[in-house]
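This report describes a single protein from its overall make-up down to a few local features. Please keep the sequence and the model in view while reading.

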Amino acid sequence: MSQFSRSLTSTVHQNPALSPPSTPMSSSSLMSGPNLTRPQSPTPKTANAKRQKFLRRLIKFRQMDFEYAFWQMLYLFISPQKVYRNFGYRKQTKDQWARDDPAFLVLVAFWLVVSSVGFAVVLKLHFFAFLKFLLWVVFVDYIGVGLLLASGLWLITNRYLIIQPPRGQDVEWGYCFDIHLNAFFPLLMILHLFQLPFLNAVIIKSDTYLACLVGNTLWLIAVGYYVYLTFLGYSSLPFLKKTQVMLYPLTCVFIIYIISVIIGWNFSRALCDFYKFRVF
């Protein structure tokens, strides 16, 4: 028995791998291996990354949520506060106020094309004049004016309306453009679709006071609602102050409306004359 013990002891000394470790390994050393790192929270996306993602999705129609975009269009007339409330949910879930889905932008462009066909019929435009008219409406009236308005309000809000001291929060340019899209859609529906059945027979060809009153009242409703939806969009941002200044243009709009009705200045007829001037 003693001989067996001596042989076992000599075997252990000759093979150090069979002997137990000299010092026990702590739990911290076990967790500090090269492949065991503590998970980190994802870093927020930059404005450039958000823009590139939006532009990539612009050509992928299958990835667009058109049903949700239709819901937004409907509720811009019924309850616009719900639309902007969903922008707040997007900020909580995706860390951005602006839309990341271009479906709304595409649908507004679609309705703009449809309404342009109606205007071409009313104005009796030939095919090439219609194409020129469509390019003007889409790329100048819709996109160009939207870029200018969004950029101007983006500069104003970030410079003058941020609550002081700023805490790293700013107004996203994409959100400013989304506010313009939200406000532009009802204006488009009222001035380019709703008044089309009355445009040729009542508003343009008639020189009566009633025609001027009806046409200019539609303009008052459309422009006034544009200003109101713009105010709702910026007032939904919790880090902005004095957003009621967005409503000040309503006073000027109403004064211009009263003066135009008194002097008989028909806005709809002037718009049609302007459209004809651009294509001929």
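A contact is counted wherever heavy atoms lie within 4.5 Å. On that basis, among the contacts in the protein between residues at least 6 apart in sequence, 77% join residues at least 24 apart.

The model is a predicted one, in which local features need pLDDT of at least 70 and side-chain atom pairs count only at pLDDT 80 or more, whereas totals for chains, interfaces and linings use all residues. Residues are numbered from 1 along each chain as its sequence is written, and side-chain values use heavy atoms, with hydrogens and water left out.

The protein has 12 helices and 0 strands, where helices (H or I, at least four residues) and strands (E, at least two) are DSSP runs numbered from the N terminus. Of its 280 residues, 38% count as buried, a class that means under 20% relative accessible area, with exposed set at over 50% and partly exposed in between (1.4 Å probe, protein chains only). The protein exposes about 17,500 Å², of which carbon and sulfur atoms supply 68%; such areas come from the Shrake-Rupley method with a 1.4 Å probe, and for residues only the protein chains shown count as cover.

One helix pair can be described in detail. The axes of α10 (residues 209-235) and α12 (residues 267-279) come within 7 Å and cross at roughly 80°, the axes being lines fitted to C-alpha atoms, for helices over the stretch in contact, with angles running from 0 to 180 degrees between N-to-C directions. Helices α10 and α12 are therefore roughly perpendicular to each other, a label given to angles of 65 to 115 degrees. Where they meet, G215, N216 and W219 belong to α10, while F267, S268 and L271 belong to α12.

Helix α11 (residues 249-263) contains I256, which counts as partly exposed at 45% relative accessibility. I256 also helps to make a nonpolar surface patch of about 820 Å², together with F254, I255, I258, I259, I262, I263 and W265. Patch residues have over 30% relative accessible area and no salt bridge, with like charges joined within 9 Å and nonpolar side chains (Val, Leu, Ile, Met, Phe, Trp, Tyr) within 5 Å; a salt bridge is a side-chain nitrogen of Lys or Arg within 4 Å of a carboxyl oxygen of Asp or Glu.

Two residues other than glycine have a positive phi, as tabulated here.

| Residue | Phi | Loop | Relative accessibility |
|---|---|---|---|
| D95 | about 60° | between α5 (80-94) and α6 (103-123) | 35%, partly exposed |
| K124 | near 60° | between α6 and α7 (127-161) | 67%, exposed |

Definitions and conventions
Parallel < 35°, antiparallel > 145°, perpendicular 65-115°, else oblique.
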